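Got the viewer open and a selection tool to hand? Let's take a walk through the inside of this one, stop by stop.

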Amino acid sequence: MFQTPHWYQTAVFYELYVRAFQDSDGDGQGDLQGMIQRLDYLADLGVDCIWLLPTFPSPLVDDGYDIADYYGVHPDYGSIADFKALIAAAHARGLRVIADLVLNHTSDQHPWFQASRRRQEPYTDYYVWSDTDQKYADARIIFVDTESSNWTWDEVRGQYFWHRFYSQQPDLNFDNPAVQEEMFKVARYWMDMGLDGFRADAVPYLFEREGTNCENLPETHAFLKRLRAMMDAEYPDAILLCEANQWPEDVRPYFGGDPTDASVPGDEFHMGFHFPLMPRLYMALKRGDRSPVADIMARTPAIPPNSQWATFLRNHDELTLEMVTEAERQWMWEQYAPDPRMRLNLGIRRRLAPLLDNDRSRIELLNSLLFTLPGSPIIYYGDEIGMGDNIALPDRNGLRTPMQWDAGFNAGFSTASELYAPIVADRTYGYQRVNVADQLSNPTSLLLLIQQFITTYKTQPALALGDIRFLHHPDRAMLVFERIYRRERILCLHNLSDRGIAIHAPASHDLLADVDWSEGVMTLPPYDYRWLKVL
Ligand code: BGC
């Protein structure tokens with residue numbers, strides 16, 4: 001029994017930072033109108049859905065994840081009319097748009113917090129206040145480089161407030177039904193405007209309970225299920241994508257349904273990021289050993305038939321090393337972040353291409369894994385052309401530099417004399433060398449290869465929807481798995497080493513090279529890969 005796939009189960013996503021994409025009014029900041037001008041690029045690339053980083057009014061302590069007004073657009077980016085125009089323009093090209101929904105916290109500049117700290121009703125209990133900073137002591141600190149406690153004293157109120165991220169981001173009190181209702185209102189407001197759903201930020205932390213680590217609590221799941229039920233009833237085509245940086249068995253309940261029976265439809269999130277897979281791709285590649293990937297996939301529970309994982313190589317944050325052991329974290333830091341400036345919190349603040357020494361074959365290899373392992377792939381803007389980063393910039397800003405469109409003034413990003421951040425201009429990754437225009441006209445470019453990956457992915461439902469079966473090969477550097485869907489089988493081969501490896505391959509069609517392979521032994525060159533449709 002096969003059901004018709006839901007759109008998000010076969011979609012390719014593109015994570016986009018509006019400030020970095022295109023400046024339409026010459027103020028040095030990317031904006032929504034600029035993004036509209038660049039939508040054809042995304043449509044041609046072949047992605048299905050854009051995920052927008054926060055565009056709300058914000059003091060930008062956490063680059064917009066500190067929201068000061070859930071119903072507006074930051075003036076740097078434009079207006080609500082621009083947002084509507086963006087959605088219309090995207091939809092006209094068959095592109096969907098989801099946006100970040102920050103449920104857990106607001107900015108300390110939000111009027112709710114300003115009222116709450118003055119005990120003004122009805123906002124007195126909108127946040128988590130306490131006379132002591134000793135409550136919930138088992139909750140870890142996430143931004144370890146900047147915060148030493150999850151409590152901060154507020155002079156105005158004369159109490160401590162709870163925050164899981166920066167101290168300028170007070171956590172909302174989800175025990176207050178009025179807060180829950182506010183979030184329903186916010187979600188409806190944006191979906192009424194035509195938004196296709198949300199990437200729900202930092203969801204494990206919505207509720208706090210003494211004696212727990214304050215993550216993944218039953219109350220949190222109950223609230224999220226109510227949100228999903230509302231969406232199913234009122235916006236059945238819109239999705240919720242779960243950002244829970246957790247082990248697969250802890251993410252599984254976020255899909256809802258019955259965690260012991262994957263045939264029961266999910267009733268919580270439509271999608272969830274697979275965080276632990278991501279560092280293991282880098283680990284496997286550096287070690288030339290498939291085990292980290294095979295082991296985490298073996299530990300990944302089956303998910304409901306109406307759900308999908310979301311997979312990624314990089315995003316706008318540091319490459320998180322929260323879901324690895326302490327020894328593995330140290331090893332990853334040594335291997336991938338030798339300069340201390342490359343490290344941030346429990347992670348690595350670098351982009352894909354620099355992490356892989358700008359080595360084309362390894363960049364291709366990881367992208368090939370992104371498109372062949374289970375889950376809807378998410379491309380982080382700029383990684384499709386191999387953009388670099390700037391570790392001289394603070395926090396995660398070095399990964400959020402302007403998009404490199406061409407070799408001209410300001411890389412085609414803006415006409416301003418001063419930009420929100422410098423364009424990467426070094427000898428290896430600078431815009432003169434790495435830009436969209438050059439790659440569009442170069443048939444062997446990374447960009448056109450990624451475009452081919454997307455096109456091929458879309459013609460092969462097995463890559464999006466198929467079961468996965470790992471096959472044994474005597475060489476641990478050879479990662480071999482099949483994706484199986486209905487009568488189709490795609491054999492995916494990945495050589496994680498710098499030497500050729502021989503493998504017996506069945507009669508098949510090589511989907512990327514578009515040639516037939518008659519059964520026999522092939523030698524896969526270093527870091528090479530094959531997508532073989534078994535005949
Ligand atoms: C986002 C970060 C942000 C944090 C707090 C995360 O999960 O991805 O960029 O700093 O939530 O909102």
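Start with the lining of the largest cavity, and colour it by residue class: ten residues come up nonpolar, seven polar and nine charged. Keep in mind as you click around that this is a predicted model.

That lining comes to 26 residues in total. To get to the middle of it, select I142, F143, F165, E243 and D317, which lie nearest the centre of the cavity. If you have a surface or volume display, switch it on here: the largest cavity holds about 350 Å³ of space.

So what sits in the largest cavity? Show the ligand, and there's your answer: the ligand sits right there.

Next, select the residues around the ligand. Pick D62, Y65, H105 and F143 to begin with, then add F165, Q169, R199 and D201, and finish with E243, H316, D317 and R396. Recolour this shell by class and you get three nonpolar, three polar and six charged residues. A few of these names should ring a bell, since F143, F165, E243 and D317 belong to the shell around the ligand and also turn up among the residues nearest the centre of the cavity.

Now zoom in on the ligand's oxygen atoms and get the distance tool out. Three stops here:

- E243: an N or O atom of the side chain is 2.5 Å from a ligand oxygen.
- D201: here the distance from a side-chain N or O atom to an oxygen of the ligand is 2.8 Å.
- R396: a ligand oxygen lies 2.9 Å from an N or O atom of this side chain.

While you're still on the ligand, how much of its accessible area does the protein cover? On its own the ligand has 310 Å² of it, and the protein covers 97%.

Time to zoom out. The structure holds five cavities of 30 Å³ or more, and our last stop is the second largest, with about 80 Å³ of space. Select L313, R314, L352, N367, L370 and I378, then I379, Y380, D383, E384 and I450, and you have its lining.

Turn on the cartoon and look for α13 (360-372) and β14 (376-380): each supplies at least two residues of this lining. Which element gives the largest share? That's β14, with three residues.

One more recolouring by class before you go: the lining of the second largest cavity shows seven nonpolar residues, one polar and three charged.

Terms used
Residues are numbered from 1 along each chain as its sequence is written. This is a predicted model: local features need pLDDT of at least 70, side-chain atom pairs count only at pLDDT 80 or more; totals for chains, interfaces and linings use all residues. Side-chain values use heavy atoms; hydrogens and water are left out. A residue is near a molecule or strand if one of its heavy atoms lies within 4 Å of it. A polar contact is a pair of N or O atoms within 3.5 Å; within protein, one must be able to donate a hydrogen and the other to accept it, and residues adjacent in sequence count only if both atoms are side-chain atoms. Accessible areas come from the Shrake-Rupley method with a 1.4 Å probe; for residues, only the protein chains shown count as cover. On a 1 Å grid over the protein atoms alone, a cavity is a set of points where a 1.4 Å probe fits but cannot get out, and a pocket is an open set with protein on both sides within 12 Å along at least five of seven lines; lining residues have an atom within 4 Å of a point. A molecule sits in a cavity or pocket if more than half of its atoms lie within 2 Å of its grid points. Ala, Val, Leu, Ile, Met, Phe, Trp, Tyr, Cys and Pro count as nonpolar, Asp, Glu, Lys and Arg as charged, and the others, Gly among them, as polar. Grid points are joined across faces, edges and corners, and a volume is the space filled by probe spheres set on the points. Helices (H or I, at least four residues) and strands (E, at least two) are DSSP runs, numbered from the N terminus.
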